[in-house]
Amino acid sequence: MRPSGRRLFPFAFVAVGTTLLGVLLARRRFAVITVAGASMEPAYRSGDRVLVRRLSRSGRTGIKKGGVVVATWRPPSDDPPGEPAQPRGASGRPTGEPLDARRWMIKRVVAGPGDLIPGGLGPALIAEAGKPVPRDRFVVMGDNAAHSHDSRHTGYVEGGDILGVVIHRLERRR
């Protein structure tokens, strides 16, 4: 007679393996981001956590006007055209951070590929007003324009810079 523990081992191994695989796949498909700053108030406040559905390269077409996305943050640049942008601090001086330092911003999509660019978007897109947004580019803005660094300052957001779409606000930690 064999001990029952040996018969259960393959089933336990499969159950644990399946759970682990599910967690790993979920981490590739979803991310939890904590909002920092007032740029998306009142929809999202600093400290709110949001669930983001990561997008694949082919999933960029699923970004809808009015939706909220998380994208790579790009500092404003006074660098000459053709020169790489240098990360700058609040003083406007270069920070010395590597260019590939990853920062995120959460913004609402106001125009996507083919949509007409609204007027009054500030210096970065003033000459583009009324023209269609180019392929794989997006115009994004914070809901609280007075406290938002967005397409008005940096221009288009490239589709490849978008991590994903916000699908749900999570309960605040207590």
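Which residue stands opposite Arg53 in S7? Val165 takes that place. The legends below describe close-up views of a predicted model.

**View 1. Overall arrangement of the chain in the predicted model.** The chain comprises 2 helices and 7 strands. Along the sequence these elements follow the pattern α-β-β-β-β-β-α-β-β. Of the 174 residues in the chain, 28% are buried. Contacts between residues at least 6 apart in sequence include 63% that join residues at least 24 apart.

**View 2. The open sheet and its edges.** An open sheet is formed by 7 strands in the order S1-S2-S7-S3-S4-S5-S6, with antiparallel pairing. Strand S1 (30-34) and strand S6 (157-158) are the edge strands, each pairing on one side only. Strands of a sheet pair through backbone hydrogen bonds, either parallel or antiparallel. At the S6 edge, strand S5 (residues 137-141) and S6 pair in the antiparallel sense over 2 bridges. Arg137 stands opposite Glu158 in S6.

**View 3. Strand pairing from S1 to S3.** S1 and S2 run antiparallel and are joined by 5 bridges. Val32 has Leu51 as its bridge partner in S2. S2 is also joined to S7, by 6 bridges and again in the antiparallel sense. Arg49 has Leu170 as its bridge partner in S7, and Arg53 stands opposite Val165 of S7. S3 and S7 likewise run antiparallel, joined by 3 bridges. In this pairing Val70 stands opposite Gly164 of S7.

**View 4. The largest nonpolar core.** This core has 12 residues. Among them are Ala31, Ile33, Val35, Met40 and Tyr44, together with Val50, Val52, Val68 and Val70. Ile106, Leu163 and Val166 also belong to the core. The elements giving two or more residues to it are S1, strand S2 (49-54), strand S3 (68-72) and strand S7 (162-170). A second, separate core of 11 residues includes Leu55, Ala71, Val109 and Val157. In soluble globular proteins, nonpolar side chains tend to be buried together.

**View 5. Surroundings of Ile106.** Ile106 is a member of the largest nonpolar core. With residues up to four places away in sequence not counted, Ile106 touches Val35, Ser39, Met40, Tyr44, Val50, Val68, Val69, Val70 and Val166. Several of these partners are themselves listed in the largest core, including Val35, Met40, Tyr44 and Val166.

**View 6. Val35 in the loop between S1 and S2.** Val35 is placed in the loop between S1 and S2. Val35 counts as buried because its relative accessibility is 5%, below the limit of 20%. Residues up to four places away in sequence aside, Val35 touches Tyr44, Arg45, Ser46, Gly47, Asp48, Val50 and Ile106. Val35 and Met105 lie 70 residues apart in sequence, yet their C-alpha atoms are 8.3 Å apart in space.

**View 7. The cis peptide bond at Pro42.** Glu41 and Pro42 are joined by a cis peptide bond, with omega of about 10 degrees. Pro42 lies in the loop between S1 and S2, the loop that also holds Val35.

**View 8. Backbone conformation at Asp136.** Asp136 has a positive phi of about 60 degrees although this residue is not a glycine. Most residues other than glycine have a negative phi, and most peptide bonds are trans. Asp136 lies in the loop between strand S4 (104-111) and S5. With a relative accessibility of 34%, Asp136 counts as partly exposed, because that class lies between the limits of 20% and 50%.

**View 9. The second largest pocket.** This pocket has a volume of about 230 Å³. Its lining consists of 16 residues, of which Ala36, Ser39, Trp104, Met105 and Ile106 lie nearest the centre. S1 and S4 each supply at least two residues of the lining. S4 gives the most, with 4 residues. By class, the lining has 9 nonpolar, 6 polar and 1 charged residues. Ile106 thus appears both in this lining and in the largest nonpolar core.

Definitions and conventions
Residues numbered from 1 in each chain as written. Predicted model: local features only at pLDDT ≥ 70, side-chain atom pairs only at ≥ 80, totals over all residues. Heavy atoms only, no water. Pairing = 2+ DSSP bridges. Core = buried A, V, L, I, M, F, W, Y, C linked by side-chain atoms within 4.5 Å. Buried < 20%, exposed > 50% of the residue type's maximum accessible area, 1.4 Å probe, protein only. Contact = heavy atoms within 4.5 Å. 1 Å grid on protein atoms, 1.4 Å probe; cavity = no way out; pocket = protein on both sides within 12 Å on 5 of 7 lines; lining within 4 Å. Points joined across faces, edges and corners; volume = space filled by probe spheres on them. Nonpolar A, V, L, I, M, F, W, Y, C, P; charged D, E, K, R; others polar.
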